[in-house]
Amino acid sequence: MADAARDTPRVLVPVAVLEGESVSESLADFLAAADVVVLGYHVIPEQTPAEQASLQFEERAQTAVEDLAALFREAGGDVETRVAFTHDRDQTVARVADEVDATATLLPNPVGDVEDVLVPLRGAIDTDRLAALVATLLAADPGTVTLWGIAAEVGEAEAAAAVERASATLRERGLDPARVATETSVADAPIRAIVERSADFDVIVMGEGEESLWSLLLGEDAERVAEAAVAPVLVVRDAPAGE
Amino acid sequence: MAPETGAANRAGETPATSGPEAVEDEATITEEGTELERSIGLVGGVAIGVGTMIGAGIFVFPGLAAGRAGPAAAGSFAIGAVVALLVALPASELATAMPKSGGGYYFISRALGTLPGAVVGISIWLGLVFATAFYLVGFGNYAAELLAQLGLPAAGVVTPLALVFGVLLTALNLVGTENAARLQNYVVGLLLTILVFFLGYGGLDAVGVFGRASTPEAFLPFGLAPVFTTAALVFTSYLGFAQVATVAGDIKRPGRNLPLAMVGSVLLVGVLYVGTIFVATSAMGSLALGRAGETAIVDVADAFLGTAGVFAILLAGLLATVSSANASILSTSRAVFAVSKDALVPRYASRVNLAYGTPHVALAMAGGPILVLVALGETEVLAEVASFLHLVMYGLMCVALVAMRRNEPEWYDPDFRVPAYPVVAGLGALASFGLLAFMQPTSQLIGVAVMLAAAGWYAYYARDVELKGVL
């Protein structure tokens, strides 16, 4: 996998800078083990030309993003910054994530000290990028990770296999097995199950999830989790096609 | 780009040029590295063009045109489409070379200099205000007709209804409802659906599918000459394709989508117009159409489908006038931004509201005068003045293309190049300026007065501003 050649995973941190959104110091500390791209964006209504908004707010947005970047730099991270004015947040985040080839995108939520990571795994997903990211983030921190396979029905083997693979990858990457807990359970409503457990953890790392009718109606799985959960969510992007 | 000494306007402001910037398919990147996301796709671009144009051609002109040229009025609309294409092609090339908000004003100020730019920029602002007032009164007429059909009292409600809707549309854009622009797409979509159904049914009926033979009628009852003079009259129904260029800064893949949206929307409405005339003249004969005048299309619907048809066409009329009015209010606000950014009017005019993120000053400079004009009446004369001012801009755009091509600056690198440009741009300019001669003297007089006033403002306020070739 081409990704393995680039050792440090890259995390995209989109922040609505002019709305006062920010990233807590503890979360910055946690993420700084990865390469970080801070994307300060400002969403404007469609009747306002992006150019017009940038004329007035560009400096303020640039300053705010630099302040955020400084937070990551102080935590020892390698930081790149982007500033964007847009009519469509998701379009901008997706475009920048593609351009910087981000491993994961952060959906921010308030958080205190970051120690315990929950990794819900569903179906036959590619766990390599996900496990590589978790291993990097936890390498410098004392926290634990819980690999949680969620099967749709009793007897489904895919979830357990995914947990097994992820656990093996974490071991290979040098994470102390004592810090890795594994479990598998069955849930009818996996999103709700993840949200319910989120209170016991500080960060959730999960895959993008498959596109389905539900995701079209209700939003992507990770977004639904981030909206309802207490913890920030790192959404691991699927490997680009052809890799 | 550092301003030259003496480049400031009376208030000491200089054009806010964003400097050398990279135009990519999905975003523009400014000198400081800020990304400006492009979020309007091809469909959105076509919706702006069609939404601005479609009102007049179908809901005002069929009766007037058929009365003057007979069934050959369809040919008049086709000639109008050809002239519009002659301008749309140069506009497309300029827009792909300069995919920035501002449209025609931007091309003219960069290619021909500040004075022509200022005259076009300021008079197009007023022209759009006039046009919007006209659309709103049209809306009031259709709404009143609908009330009358429902058996409700409809006397004297035209102006109040137009005012209420003018306030509503302005407020909607001010408060920045997230989906204001998407709403436009749906309105245009629904409108097209009704029209295509109407034309499909009427077209089948006209060729005798439903058993009722249509009245055979001489195609050219008045000879060939009225076909051309009528083309001048109905060209108003093609004003608006250039509005697509005013959002050029926000269009995805501008090199492909701008030409497609401009040319495509002209072709789309051209086909609809020609089809409408064909169906209308087959249904009623051009004499009866001519007598019915501006609401002829309602009578045509009645002839085909009875009351249901009348309601459908009245609903379509409401949608068409609302979409034209809304698109024009947005264009007006962008026109104000374009001249304000270039220091031709005070920078204050391009302020963005902090709470809503909308350009509230520019929107007020659109909505305010529009409401005053609607309240005062006399919008029909002003609509022709709006056409006059647009035609001046179209002609100058063609001149701008020739100026650019004859001495191509280093930065001039359009994705789309007009084939045989001297012929196309020459004919486009000739046709645009030629149509001015066919207008009523009052409109010509007011139009020239507006342009002189704009030039006067330039001389007073922004004489030192240098825009030619400034990106």
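Tutor: A cavity is a set of points, on a 1 Å grid over the protein atoms alone, where a 1.4 Å probe fits but cannot get out. Its volume is the space filled by probe spheres set on the points, which are joined across faces, edges and corners. This is a predicted model: local features need pLDDT of at least 70, side-chain atom pairs count only at pLDDT 80 or more, and totals for chains, interfaces and linings use all residues. Residues are numbered from 1 along each chain as its sequence is written, chains are lettered from A and ligands numbered from 1 in the order in which they are written, and side-chain values use heavy atoms, with hydrogens and water left out.

Student: How much space lies in the largest cavity?

Tutor: The whole structure was searched for cavities of 30 Å³ or more, and four turned up. The largest cavity holds about 140 Å³.

Student: Which residues are closest to the centre of the largest cavity?

Tutor: Its lining (residues with an atom within 4 Å of a point) has 16 residues. Closest to the centre are B:Ala131, B:Tyr135, B:Thr236, B:Leu239 and B:Ser387.

Student: Which helices of chain B each supply at least two residues of that lining?

Tutor: Helices here are DSSP runs of H or I, at least four residues, numbered from the N terminus. Those that each supply at least two lining residues of the largest cavity are H1 (42-59), H5 (114-149) and H14 (379-406) of chain B.

Student: How do B:Phe59 and B:Tyr142 pair: stacked, tilted or edge-to-face?

Tutor: The structure holds twelve aromatic pairs over all chains (ring centres of Phe, Tyr or Trp, its six-membered ring, within 6.5 Å; planes under 30 degrees apart are stacked, over 60 edge-to-face, the rest tilted). B:Phe59 and B:Tyr142 lie 5.6 Å apart, centre to centre. Their planes stand at 90°, and the pair is edge-to-face.

Student: How many residues apart in sequence are the parts tied together by this pair?

Tutor: B:Phe59 is in helix H1 of chain B and B:Tyr142 is in helix H5 of chain B. The pair therefore ties together parts that stand apart in sequence by 83 residues.

Student: Are B:Phe59 and B:Tyr142 buried or exposed?

Tutor: Look at relative accessible area (under 20% is buried, over 50% exposed, in between partly exposed; 1.4 Å probe, protein chains only). Both B:Phe59 and B:Tyr142 are buried.

Student: What is the angle between the planes of B:Trp457 and B:Tyr460?

Tutor: The two rings form a tilted aromatic pair. Their centres are 5.9 Å apart, and the angle between the planes is 55°.

Student: By about how many helical turns are B:Trp457 and B:Tyr460 separated?

Tutor: Both sit in helix H16 (residues 441-461) of chain B. They are three residues apart there, so the separation is about one helical turn.

Student: What is the relative accessibility of B:Tyr460?

Tutor: B:Trp457 is partly exposed, at 30% relative accessible area. B:Tyr460 also counts as partly exposed. Its value is 47%.

Student: What is the relative accessible area of B:Phe219?

Tutor: B:Phe219 is in the loop between helix H7 (180-206) and helix H8 (225-234) of chain B. It counts as exposed because its relative accessible area is 52%.

Student: How far apart in space are B:Phe219 and B:Gly151?

Tutor: Along the sequence, 68 residues separate B:Phe219 and B:Gly151. In space, C-alpha to C-alpha, the distance is 39 Å.

Technical notes: 1 Å grid on protein atoms, 1.4 Å probe; cavity = no way out; pocket = protein on both sides within 12 Å on 5 of 7 lines; lining within 4 Å.
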